[in-house]
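Work through the exercises below with the sequence and the model side by side. Try each task before you read its solution.

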Amino acid sequence: MLKVIRVTFFSLVGVFLLIQLVPYGRDHTNPAHKVEPNWDKPSTRALAKRACYDCHSNETVWPWYSHVAPVSWQVMSDVVKGRHEMNFSEWDKPQDEADHAAKMVTRGKMPLPKYLLLHPEARLSQAEKDSLVSGLTLTIGADKGAKPKKSVYGDEINE
């Protein structure tokens, strides 16, 4: 029995070391910061920076665990998807999902619950959420209520 435990342990360590060689999730460069929205007020930007910018801007802060597979794969995937959905640093490009931002915060879908586990600073009080939602609506606009869409996370955006 001890031999089985030992073989299993060393096999798991070997697999862990081997997956560190997979290159995905290692490119932690942030593209150039271009154009931001015309924020309604500085406090809206500050709240967005605190709760949204790691995934929805070119100012991602890459924590230590974002360098260790397989967690690095998930972090990279979330950042790529987040920047695709809406990127506060590239406001000179079309932001097709931006008008849903306030709704996603209101519903508690953003920031992602798994993000909040390791980023308590992104956890907003109800007053901060209300302020962020109001500011996002004034800065970006509100959802026009068209037909239901799915985000790249698989969540329905309109209901």
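## Surface and overall build

The chain has an accessible surface of about 9400 Å², and 65% of it belongs to carbon and sulfur atoms. Accessible areas come from the Shrake-Rupley method with a 1.4 Å probe; for residues, only the protein chains shown count as cover. This is a predicted model: local features need pLDDT of at least 70, side-chain atom pairs count only at pLDDT 80 or more, and totals for chains, interfaces and linings use all residues. Residues are numbered from 1 along each chain as its sequence is written, and side-chain values use heavy atoms, with hydrogens and water left out.

**Exercise 1. Find how many helices and strands the chain has, and what share of its residues is buried.**

Step 1. Apply the rule for elements: helices (H or I, at least four residues) and strands (E, at least two) are DSSP runs, numbered from the N terminus.
Step 2. Count them. There are seven helices and zero strands.
Step 3. Turn to burial. Buried means under 20% relative accessible area, exposed over 50%, partly exposed in between (1.4 Å probe, protein chains only).
Step 4. The chain has 159 residues, and 42% of them count as buried.
Step 5. Look at contacts, meaning heavy atoms within 4.5 Å. Among contacts with a separation of 6 or more, 74% join residues 24 or more positions apart.

## Charged pairs

**Exercise 2. Locate the salt bridges, and say which parts of the chain arginine 50 and glutamate 128 link.**

Step 1. Set the cut-off: a salt bridge is a side-chain nitrogen of Lys or Arg within 4 Å of a carboxyl oxygen of Asp or Glu. Side chains of opposite charge can pair when their charged atoms come close.
Step 2. Count: the structure holds six salt bridges.
Step 3. Take arginine 50 and glutamate 128. Their side chains form a salt bridge at 2.9 Å, N to O. The pair links distant parts of the chain: arginine 50 is in helix H2 (residues 42-51) and glutamate 128 in helix H7 (residues 126-139), 78 residues apart.
Step 4. Check their exposure. Arginine 50 is partly exposed, at 30% relative accessibility. Glutamate 128 is partly exposed too, at 24%.
Step 5. Move to glutamate 36 and arginine 45, whose salt bridge spans 2.7 Å, N to O. A network of salt bridges links Glu36, Arg45, Lys49 and Glu59.
Step 6. Finish with glutamate 90 and lysine 93. Their closest N and O atoms are 3.2 Å apart in a salt bridge. Glutamate 90 is buried at 12% relative accessibility, whereas lysine 93 is partly exposed at 39%.

## The nonpolar core

**Exercise 3. Which residues have the most contacts inside the largest nonpolar core, and which helix gives the most to this core?**

Step 1. Define the set: a nonpolar core is a set of buried Ala, Val, Leu, Ile, Met, Phe, Trp, Tyr and Cys residues joined through side-chain atoms within 4.5 Å.
Step 2. The largest such core has 23 residues, and Ala48, Phe88, Leu132, Leu136 and Ile140 have the most contacts inside it.
Step 3. Sort by helix. H2, H5 (101-106), H6 (113-118) and H7 each supply at least two residues of this core. H5 gives the most, with four.
Step 4. Zoom in on leucine 132. Leaving aside neighbours within four places in sequence, leucine 132 is in contact with Thr44, Leu47, Ala48, Cys52, Val105 and Leu124.
Step 5. Note a second, separate core of six residues, including Cys55, Trp62, Tyr65 and Val79.

## Helix H4 and a buried arginine

**Exercise 4. Describe what surrounds arginine 83, and find the nearest side chain of opposite charge.**

Step 1. Place the residue: arginine 83 is in helix H4. The buried residues of H4 pack against helix H3 (53-56) and H6.
Step 2. Assign charges: Lys and Arg count as positive and Asp and Glu as negative; His and the chain ends are not counted.
Step 3. Arginine 83 is buried yet has no salt bridge; glutamate 90, the nearest side chain of opposite charge, is 7.0 Å away.
Step 4. List the contacts. Not counting residues up to four places away in sequence, arginine 83 touches Thr29, Asn30, Pro31, Cys55, Ser57, Asn58, Thr60 and Trp62.
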